[in-house]
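Q: Please give me a close look at the largest pocket and its surroundings. What lines the largest pocket?

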Amino acid sequence: MNIASLLGYCVIVTFTPGPTNIVILSGSYNFGIKKTLQFVYGATAAFVVLLSFSVILSGLLMAGMPKILLVMQATGGIYMLYLARLIYGADGANTSPGQAFTFVGGFLMQLVNPKVIIFTMTVIPSFIMPYDTSVTGLAIAVAAVTSIAFMAMLTWALFGAAFKERLQKYRKTVNLIMGLFLVYSAIMMSGIVDLIKG
């Protein structure tokens, strides 16, 4: 097993900007770290669920992955557009943080995020299972990968909180940019571009 490749893959996928990280960054500067942590905990719980399903049903999931991804792409695209609207309209004072920045909101975001689904369905079957299929080994792998993902999400939340004053100075512009990034993510992950290309 190549630990360096596994760690590199995990760090690159979890720390790079993606729909969940964009929402976390936006949430931490619009609503504060405390509220955003609820979202992070929900996203982490969904991550554990997805990784566990990947381990338990690796063969079945790979066979049915194209159909699963079609549903997740459509659902995820719609949900990301909804979150983009919330981010664009957020002004800190008038927006209720309960709209999306909850445990359930974070959980749902991960469940419909194609980037996370593909990552969780491939990382352990590809990097761990060829070398270790023991319950203990797989449990340690799930815990390790989840820890990396949690640290990535927490980093984005802390970044938003640390630069809150600067980001709030240009709140409308930052919210517009974050919203547009999320719209872009929704379009790219929805599969629409692939359908247009034929």
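A: A pocket here is an open set of points on a 1 Å grid over the protein atoms alone, where a 1.4 Å probe fits and protein lies on both sides within 12 Å along at least five of seven lines; lining residues have an atom within 4 Å of a point. Keep in mind that this is a predicted model, with local features needing pLDDT of at least 70 and side-chain atom pairs 80 or more, while totals for linings use all residues. Numbering runs from 1 along each chain, and side-chain values use heavy atoms, without hydrogens or water.

So, the lining: 12 residues, with L6, I128, I140, A141 and A144 nearest the pocket's centre. Helices α1 and α7 (DSSP runs of H or I, at least four residues, numbered from the N terminus) each supply at least two of the lining residues. The biggest giver is α7, with six. By class, the lining has 10 nonpolar residues, one polar and one charged.

Now look at A141 again, since it leads to I124: leaving aside neighbours within four places in sequence, I124 is in contact (heavy atoms within 4.5 Å) with A141, and also with L51, V55, M129, P130, L138 and V142. In the largest nonpolar core, which has 40 residues, I124 and V123 touch the most other members. Helices α1 (3-15), α2 (19-31), α3 (33-56), α6 (114-127), α7 (135-162) and α9 (171-190) each supply at least two residues of that core. There too α7 gives the most, with nine residues.

Terms used: A nonpolar core is a set of buried Ala, Val, Leu, Ile, Met, Phe, Trp, Tyr and Cys residues joined through side-chain atoms within 4.5 Å. Buried means under 20% relative accessible area, exposed over 50%, partly exposed in between (1.4 Å probe, protein chains only). Ala, Val, Leu, Ile, Met, Phe, Trp, Tyr, Cys and Pro count as nonpolar, Asp, Glu, Lys and Arg as charged, and the others, Gly among them, as polar.
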